[in-house]
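Thank you all for coming; I would like to walk you through one structure today, and I will put it on the screen before I say anything about it.

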Amino acid sequence: LYRGGLAERLCRLQNRERSAISFWRHQCISDDKIPSDKSGVLIVKILEIFEECTIQVAICQQLEQSPATLSPEDALINSEEPILKVLFTRETAAHLKSRPQDVIHIYPPWQKLLLRNTDVPVIMNTYFSQKVLLSEHSEAREKTYGLTKMLIRKNIISLAQTFRLDDLDDKLHQESSDNQVPCAPQTRYNGGSKQHPSALSTINDSLLEMVESQGAVGWREVQVRVVIQRVYCLPAREGHRSHTQGNKLLLSNGGMFCRLCLLVQDAYGMFSEVQLQFLSSTDDIEQYCRRWEGKSCCLAGMKILQRTTRGRALGLFSLIDSLWPPVGPVKVPGQSQDCEMMTTNLPPPSFCYILTVQSGEIHVEVDEEEQISNLYQPPAVHGLKETLRIDGCNERCSFWAQVLYRRLQSKHSVPVDQREMLLFVTDSTLQNEVHGVPKVVAVSVTASCVLSKEIIEALSAGSQLVFFKDALWGNGRIICVERTVLLLQKPLLCSAAGADLSELTGPVRLDELDSTTLANSICALRGTVVGVNESTAFSWPTCNRCGNGKLELCPQDRELLYCNQCSEVVTTPVLKMQLEVFLSCPSRSLSTVKVKVWHEMALFVLLTMLLFLQTYEVQSVLGKEVGLLNCYVHSVTSHPNCVVLEEIVLL
């Protein structure tokens with residue numbers, strides 16, 4: 001907000017107004033404590049209540065004074081008393097929970113508005129209002145009514161009627177009993193309970209209209225029909241661990257707690273993110289994707305968690321932008337409900353409501369037998385070669401790739417489950433290309449990307465074909481962030497757009513080390529051994545049975561080693577070593593190439609064999625040619641001109 005501008009002044013005014021109302025209500029903690037100052041107090045008795053444009057309208061009779069001994073039922077209506085139309089905001093109406101025959105005290109600064117061509121004055125500014133309970137009989141009535149539903153007539157005024165458009169649909173503003181909704185608090189229900197016949201009878205198709213008409217407190221008795229565009233998991237904050245449903249523990253992604261979420265779109269093209277229950281297993285995400293994506297569903301029992309904008313949620317809006325413009329015709333606000341048109345030139349949405357379920361209530365009803373909606377936009381699958389040529393930044397992309405190698409980023413101060421992981425992937429579009437594109441691409445998987453247990457176990461077992469859905473492309477990198485889903489099976493519904501998605505048939509090739517090689521990549525290396533760094537070489541004994549590298553001295557005999565895992569003395573330990581070898585590479589003739597090799601690597605086996613044959617003479621390995629070696633590039637520096645690599649084994 002601009003400092004000193006109208007918006008900032010209005011915001012401060014609204015904050016002061018809310019504080020004043022809260023402070024005033026705090027002073028009147030119970031219904032029995034009526035403020036002693038009666039000057040300027042308007043006393044009314046409610047005759048009829050209905051709702052219009054989210055405002056509760058009460059037709060009231062003005063009373064000269066509130067009887068001290070009679071109940072509101074006993075105060076007979078006097079035809080000579082003036083009739084007033086009193087307006088209550090949604091918040092005030094929810095606080096009062098008023099009904100016909102209730103007596104309300106309205107404290108200043110209320111205002112009276114006189115309209116032309118009408119004899120009934122309108123009372124506004126009724127924030128400081130209080131319902132008066134005058135007797136034990138009325139208190140008993142209040143407790144009885146509190147357990148029952150009261151239906152309020154809701155007058156629906158459409159924009160078409162307001163602006164007198166020619167194609168007005170008369171059905172929109174007809175007062176019908178179908179549009180009556182309960183205003184009293186209700187008993188929570190679950191999926192197996194019976195509902196009142198009129199409950200959930202109204203089905204809307206506009207998210208925005210539902211938000212405006214129902215407000216932030218929740219959608220109690222109405223539903224909105226939407227299309228499920230995406231299903232994914234979001235990591236839950238630490239504070240949500242206690243909010244479990246049905247005594248289910250929140251499952252973690254290696255310690256990360258997850259929540260099932262839907263990205264839905266209504267008939268007008270508006271999006272909303274619905275945060276549902278915590279999952280009992282992250283493996284459930286694949287079945288939810290298959291069962292729900294593309295289907296229509298009805299949402300009920302929702303409440304607004306947040307209204308977010310493009311600047312606050314770039315990740316969410318990058319996903320929304322990938323689904324825009326709509327693939328099918330959408331309705332246009334302000335026109336007839338039956339009028340549909342293509343929206344090819346409409347700007348993408350600038351805001352989105354985050355919805356969540358109200359505890360214990362029915363929230364999502366998906367018709368899994370229904371056909372795929374015309375509004376559903378499946379992920380557009382491209383080959384990696386085409387993905388690398390996408391213009392723009394923060395673009396969502398989907399692809400099918402072979403994972404060759406995975407590596408945790410070595411930030412030792414960060415827990416393992418919160419570290420970023422690099423997946424090195426390839427496909428036929430990269431392997432079959434001769435020049436211009438890399439043979440292998442690094443995909444960065446952030447800690448906020450929820451991986452199922454099945455994916456983690458599969459990547460640990462070996463090389464896998466993985467479907468990356470809605471990954472983020474930008475600044476030359478592919479990143480898996482929140483709302484990215486990794487699957488082992490390709491979705492039934494996806495748009496290939498003519499991409500070459502054939503599987504790899506021959507051996508995988510890596511790019512050889514050259515002047516374009518970057519850090520945090522993998523490459524193939526060939527060269528000649530020019531030196532061995534003996535100062536950094538070290539060895540350690542391991543158990544010959546289990547491979548445990550943390551052996552201890554035997555308590556009984558300090559000259560022997562002891563393995564805690566086997567609980568036995570190790571008499572013949574296996575010696576393992578690490579070496580740093582310097583190579584001369586034709587592709588980087590001006591650079592110092594240093595390779596870290598481990599005991600199980602091919603280069604280490606070769607050097608060890610030569611050293612043993614020459615009785616550990618380092619000179620015996622100099623000048624030996626090695627390659628091709630698969631290596632991970634740790635760093636590339638120009639001052640000094642040096643490349644540091646580590647020999648690796650592909651999955």
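Leaving aside its neighbours within four places in sequence, which residues is Val231 in contact with? Please keep in mind as we look that this is a predicted model. The contacts of Val231 are Leu260, Cys261, Leu262, Ile285, Tyr288, Cys289, Trp292, Glu293, Lys469 and Val485. Val231 belongs to the largest nonpolar core, which has 31 residues, and together with Leu262, Leu276, Trp292 and Leu299 it touches the most other members. Strand S11, residues 222-235, gives this core its largest share, namely six residues. There is also a second, separate core of 24 residues, and among its members are Leu384, Val425, Ala471 and Leu486.

Let me turn to helix H10, which spans residues 453-461 and whose buried residues are Ile455, Ala458 and Leu459. Why do these residues lie on the same side of H10? They do so because they cover an arc of only 95 degrees around the axis, while Lys453 and Ala461, on the other side of H10, are exposed. As for what the buried residues of H10 pack against, the partners are strands S20 (395-408), S21 (421-426), S23 (464-474) and S25 (485-487).

Two of those strands come up again when we consider the aromatic pairs, of which the structure holds nine. Phe399 and Phe468 form a stacked pair, with 4.8 Å centre to centre and 20 degrees between the planes, and this pair links distant parts of the chain, since Phe399 is in S20 and Phe468 is in S23, 69 residues apart. Both Phe399 and Phe468 are buried. Trp400 and Phe467 form a tilted pair, at 6.0 Å centre to centre and 40 degrees between the planes, and here too the pair joins S20 to S23, with the two positions 67 residues apart in the chain counted as their separation. Trp400 counts as buried at 13% relative accessibility, and Phe467 is buried with a relative accessible area of 0%.

Finally, I would like to show you strand S34, residues 641-647, which is largely enclosed by the rest of the structure because five of its seven residues are buried. Strand S32, residues 592-597, runs parallel to S34 and is joined to it by five bridges, with Val593 having Val643 as its bridge partner. Strand S33, residues 625-638, pairs with S34 in the antiparallel sense over seven bridges, Ser635 standing opposite Val644, and the two strands form a hairpin with two residues between them.

Definitions and conventions. Residues are numbered from 1 along each chain as its sequence is written. This is a predicted model: local features need pLDDT of at least 70, side-chain atom pairs count only at pLDDT 80 or more; totals for chains, interfaces and linings use all residues. Side-chain values use heavy atoms; hydrogens and water are left out. Buried means under 20% relative accessible area, exposed over 50%, partly exposed in between (1.4 Å probe, protein chains only). Helices (H or I, at least four residues) and strands (E, at least two) are DSSP runs, numbered from the N terminus. The arc is that of the directions from the helix axis to the C-beta atoms. Contact means heavy atoms within 4.5 Å. Two strands pair if DSSP finds at least two bridges between them. A nonpolar core is a set of buried Ala, Val, Leu, Ile, Met, Phe, Trp, Tyr and Cys residues joined through side-chain atoms within 4.5 Å. Rings of Phe, Tyr and Trp (its six-membered ring) pair if their centres lie within 6.5 Å; planes under 30 degrees apart count as stacked, over 60 as edge-to-face and the rest as tilted.
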